[in-house]
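This report describes one protein model, beginning with a single residue and moving outward. Please keep the sequence and the structure in view while reading.

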Amino acid sequence: MFLILLLSVILSVKGLGPVLLKENEALFHERLSNGEMKQYVLRDLISGQVYELKVSYPASQPFDFTISFSSSSHTEELPQRKLLDVEKEEFTPTSDTVFVNVIARDTQRSLRPSPHVTYSVMFEKVHNGIPAQAYKLIAWLCVCLPVSLGTSWWVYNNWYCGKEHNS
């Protein structure tokens, strides 16, 4: 297993093999042509944990992406939700390494051919159906909302109401 990962890292550096994708770190400006496939290696996964892989691309480029997991990874694919410019797939690995294939297809090839599509790809853990990054946003909202309400109340009581009684 170690030799396979070492070989895949060496080949990915040379642009020939799978690309190593780390959790919560997006790869930006990835590029595929019509019908082309790129393979990614997801490592250090926790068996039984639900993860979500996202491929986001400009809506102005009429491409469809297909995300598939290699049969050797033994992943369980869960139902996915279709969004305008994001393809996402939830999966539960049974091993600590998963190989993912991303294929791009130009949907309007005959109308307006496009030589390639630029996209970003990332994966993260999912807890109770909510991506882990969303919990950070919820925590910030729980801190900022009371602070902003408290500040507004203080400004209203000390400046607005105080000036009303003094005039």
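In this predicted model, T97 has a relative accessible area of 5% and is therefore buried, since buried means under 20%. T97 sits in the loop between β7 (86-92) and β8. The side chain of T97 makes a polar contact of 3.4 Å with the side chain of D96.

**Overall layout**

The protein contains two helices and 10 strands. Read from the N terminus, the order of the elements is α-β-β-β-β-β-β-β-β-β-β-α. The protein has 167 residues, and 32% of them count as buried. It exposes about 10700 Å², of which carbon and sulfur atoms supply 61%. Among contacts with a separation of 6 or more, 74% are between residues 24 or more positions apart.

**The nonpolar core**

In soluble globular proteins, nonpolar side chains tend to be buried together. Here the largest nonpolar core has 23 residues. The residues with the most contacts inside this core are L42, L53, F65, F91, V100 and Y119. Two or more residues of the core come from each of β1 (19-21), β3 (37-42), β4 (51-56), β5 (63-69), β8 (98-106) and β9 (117-127).

Which residues does V100 touch, not counting residues up to four places away in sequence? The list is K38, Q39, Y40, L42, L53, I67, S68 and F69. Two of these, L42 and L53, are also named among the residues with the most contacts inside the core.

**Salt bridges**

Side chains of opposite charge can pair when their charged atoms come close. The structure holds four salt bridges. Three of them are listed below, each with the distance from N to O.

| Salt bridge | N to O distance |
|---|---|
| K54 and E52 | 3.6 Å |
| K88 and E52 | 3.2 Å |
| E124 and K54 | 3.1 Å |

E124 lies in strand β9 and K54 in strand β4, so this salt bridge ties together parts that are 70 residues apart in sequence. Through shared partners, salt bridges join E52, K54, K88 and E124 into one network.

The pair of K88 and E52 forms a salt bridge with its closest N and O atoms 3.2 Å apart. This pair also links distant parts of the chain, because K88 is in strand β7 and E52 in strand β4, 36 residues apart.

Are the members of this network buried or exposed? E52 has a relative accessible area of 2% and is buried. E124 is likewise buried, with a relative accessible area of 2%. K88, with a relative accessible area of 14%, is buried too. K54 has 22% relative accessibility, so it counts as partly exposed.

Terms used:
Residues numbered from 1 in each chain as written. Predicted model: local features only at pLDDT ≥ 70, side-chain atom pairs only at ≥ 80, totals over all residues. Heavy atoms only, no water. Core = buried A, V, L, I, M, F, W, Y, C linked by side-chain atoms within 4.5 Å. Buried < 20%, exposed > 50% of the residue type's maximum accessible area, 1.4 Å probe, protein only. Helix = DSSP H or I, 4+ residues; strand = E, 2+ residues; numbered from the N terminus. Contact = heavy atoms within 4.5 Å. Polar contact = N/O pair within 3.5 Å; in protein donor to acceptor, adjacent residues only side chain to side chain. Salt bridge = Lys/Arg side-chain N within 4 Å of Asp/Glu carboxyl O. Areas by Shrake-Rupley, 256 points an atom, 1.4 Å probe, with all protein chains shown as cover.
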